[in-house]
Amino acid sequence: MDLLLGAAAPVGVAIDHLPLHQTGPSEAARLELEPLALRLRHRFAIARGFEDVSHTLIARLIARGIEALGEVTPSSRYDESVELIEKQLSAVVLDDAKLLDVDATLSQLPGTQRGAMCALDLALHDFAGKLLDVPAYTLFGLDPRDAKPTSFTIGIADIDETIAKVREAAHMPILKVKLGAGREIETLEAIRSVYNGTIRIDANEGWTPEEAVACLRELERFGIEFCEQPVPAGHPEHLRYVRERSPVPIYTDEDSVSEDDVPRLAGCVDGINVKLVKCGGMRAAARMIRAARERGMKVMIGCMIESSVLSTAAAHLTPLADHADIDGPLLVTDDPFTGVTYDGAQLRLPDAPGLGVRARAAA
């Protein structure tokens, strides 16, 4: 029976004894869509630009007396916007009798509409968990005790502001430092003068292959755990060139959008960053992780700047990963939801049904 994850699932599910067609209130299932603007604690800059506000879209699935939540944070890097995804989701027709058949419901969206798929996928898993009275991690056969610690991101800024941000995050044992706009050595020297924890770096496509190799050889002395996406996406041979010459392990981000990208990256990088927004939700992320594992690749589960809805969904899957970068709610001032919590850097998964996310006012 194709129930939730289905026969192609990379992990087990605990609900295959239940019938696909459930009885319940006759009110037709519907989606309610609500744009959300999240204000950032600090201006967030990467090699491509900056933002002070993150725009996301909340999807509420109303069915059988349950309100389930989904979210997507569109990125112009992938030619998506809140307005576009709202239009795509508005075309979805929900069949109340088939809401547990995730593949059938998601199939209404073309495979290229991954942002819309993400929001709907999250809402469907939240609905299933609430209907069956189990947390989302149980639907994937995962142990919440295996959730990973998260890194905390330091965006590009001048040296004084960077140091202030690092001091503010001094309690976090892992930092991800954005680079790619110059002054890399000076930036890492300044950070290391006040911070002794683990450092990952992310160039967001900011270097040429030759620049990447030269820079990473210089940065090695700062004890870098790994470097994300040093060169522009779309050229796995450039990633291979860097990896073969770099003393720092190489991970992708912009190059690893979906499961289809994984085979061509094998042998070119040490690991991939899986983001629910990019690949199309929890179900697609689990499949992408399996594809990477089959090829001996490490996995990090990442996030955008988003509310606790999307970050909590990603956190539920971190038992499948080696690393987590799920700090979206920590970067904003007005998250209207509560879900995953942070014990320092350690992610603590909610044990409530579904995603375990609630409106902050209700919490």
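## Helix 3

The expected span of a helix is 1.5 Å times one less than its number of residues. In this predicted model, helix 3 covers residues 114–132, and its 19 residues should therefore span 27 Å. The C-alpha atoms at its two ends lie 26 Å apart, in agreement with that value.

Of the 19 residues of helix 3, 16 are buried, so the helix is largely enclosed by the rest of the structure. Asp133, just after helix 3, adopts a positive phi of about 65 degrees.

## Helices 7 and 8

Two packed helices are described by the angle between their axes and the distance between the axes. For helix 7 (residues 209–219) and helix 8 (residues 236–245), the axes come within 9 Å and the crossing angle is roughly 25 degrees. Angles under 35 degrees count as roughly parallel, so helix 7 is roughly parallel to helix 8. Their crossing is right-handed.

On the helix 7 side, the contact involves Pro209, Glu210, Ala212, Val213, Leu216 and Arg217. These meet His238, Tyr241, Val242 and Arg245 of helix 8. Sorted by class, the contact between helix 7 and helix 8 comprises six nonpolar, one polar and three charged residues.

## Asp343

Asp343 belongs to strand 13, which runs over residues 341–343. Its relative accessibility is 48%, so Asp343 counts as partly exposed. Lys87 is 256 residues from Asp343 along the chain, and the C-alpha atoms of the two are separated by 38 Å.

How values were computed: Residues numbered from 1 in each chain as written. Predicted model: local features only at pLDDT ≥ 70, side-chain atom pairs only at ≥ 80, totals over all residues. Heavy atoms only, no water. Helix = DSSP H or I, 4+ residues; strand = E, 2+ residues; numbered from the N terminus. Buried < 20%, exposed > 50% of the residue type's maximum accessible area, 1.4 Å probe, protein only. Axes fitted to C-alpha atoms, helices over the stretch in contact; angles between N-to-C directions. Parallel < 35°, antiparallel > 145°, perpendicular 65-115°, else oblique. Left-handed = near helix turned anticlockwise from the far one by under 90°. Contact = heavy atoms within 4.5 Å. Nonpolar A, V, L, I, M, F, W, Y, C, P; charged D, E, K, R; others polar.
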